[in-house]
Amino acid sequence: MNKDNHSLLLLGDSQGEIELREEIAHYLYHARGVQCSPNQIIVGAGIENLLHQLLLLFNKETIYGVEDPGYHLILKMLKSFQNEVYPLGVDEEGLKVEDVHRKNINVVYLAPSHHFPYGTVLSINRRTKLLKWAAEDKNRYIIEDDYDSEFRYSGKSIPALQSMDLGGKVIYLGTFSKSLMPSIRISYMVLPRPLLQHYKEKLSFYNSSSVSRIDQHILAQFLKKGDFERHLNRMRKIYRRKLERVLELLKPYQDKLSIIGGHSGLHIVLMVNNGMDEKELVRRAGDEAIKVYPLSTYSFEKEQENPPNIVFGFAGIPEGDLEDAVQLLLKCWGFNISS
């Protein structure tokens with residue numbers, strides 16, 4: 001190790017390496033429109049770690065609203081904290097803001113730029129309404145999970161909800177696990193200034209040392225030199241080709257197979273109308289070593305849709321294997337494969 005980097009062997013800043021936080025702030029401003037200082041950024045070992053800190057930051061009386069269907073981990077964590085949590089409906093414009101007003105909710109958790117799993121985008125009108133709702137009470141906040149926002153394949157890039165926030169009401173969450181590799185376990189959150197002092201007073205015992213300082217240093221250099229931007233551009237092209245190929249292979253079966261979310265992200269949702277329920281669809285795929293997920297896994301009440309919806313991730317399948325994988329999936333679901 002270079003003598004100049006010997007300090008990396010010692011404990012660093014509890015919020016994360018300043019050079020990394022500076023690069024994250026620079027990237028977020030130019031790529032997502034997020035306006036923040038490095039001092040507002042907290043680095044953590046994965047989104048789960050940061051969510052745990054956030055839940056500790058709020059009290060046990062805090063009432064949460066979560067997209068339904070949505071990110072299932074937040075539901076599990078909230079239930080373990082024994083907070084009240086309510087499902088919020090989602091349609092083609094994203095989260096139904098009127099649902100937020102029906103309960104005495106304090107904190108809303110959502111992915112406005114790429115809803116999981118449907119891939120919908122929260123409309124400008126609803127973004128404005130949600131920010132207005134948050135501004136009406138000092139105890140209201142919005143947790144913005146910028147899930148898969150880097151992988152949009154058509155249209156203009158959608159700015160983060162935080163970029164519209166003038167009242168310090170949006171807590172922004174991001175990660176490098178999707179854009180680089182799952183094992184890197186480096187995520188970050190941007191706290192609005194009203195919450196930052198509260199965080200320092202209540203959670204100063206947390207330390208980003210759970211993320212290697214050496215890894216943080218390497219990532220900071222990767223961002224600073226422009227390598228991350230180039231990497232993202234390459235990956236967008238690869239994933240776009242994969243998605244286009246999957247959609248092409250599925251097109252002949254659209255009489256019994258509808259596709260949701262075919263414009264961005266690393267997965268699609270398949271509405272399968274072949275007479276099988278979701279359990280049978282998942283079981284038959286599993287028998288062929290194909291991993292798919294029922295939509296009910298991500299739903300609040302765990303109720304099956306009719307026709308069933310299945311989440312199919314394509315990102316990890318090599319391009320050369322996509323045709324065989326899709327055809328094998330269709331065969332095990334009883335479709336007659338076109339020659």
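**Exercise 1. Find how far apart the mean positions of the positive and negative charges of the chain lie.**

Solution. Start with the counting rule: Lys and Arg are positive, Asp and Glu negative, while His and the chain ends are left uncounted. Each charge is placed at NZ of Lys, CZ of Arg, CG of Asp or CD of Glu. The chain then has 42 positive and 43 negative charges, and their mean positions are 2 Å apart.

A word on the model: it is predicted, with local features needing pLDDT of at least 70, side-chain atom pairs pLDDT 80 or more, and totals for chains, interfaces and linings using all residues. Numbering runs from 1 along each chain as its sequence is written, and side-chain values use heavy atoms, without hydrogens and water.

**Exercise 2. Count the helices and strands, then judge the compactness of the chain.**

Solution. Take DSSP runs, numbered from the N terminus: helices are H or I with at least four residues, strands E with at least two. This gives 10 helices and 12 strands. Next, the radius of gyration, over C-alpha atoms, is compared with 2.2 Å times the number of residues to the power 0.38. The chain has 21 Å, close to the 20 Å from this globule rule for 339 residues, so it is as compact as a globular protein of that length.

**Exercise 3. Describe how strand 9 and strand 10 pair.**

Solution. Pairing requires at least two DSSP bridges. Strand 9 (residues 257–260) and strand 10 (residues 267–272) are antiparallel and joined by 4 bridges. One bridge links I259 with L270 in strand 10. Finally, 6 residues lie between the strands of this hairpin, where G261 has a positive phi near 85°.
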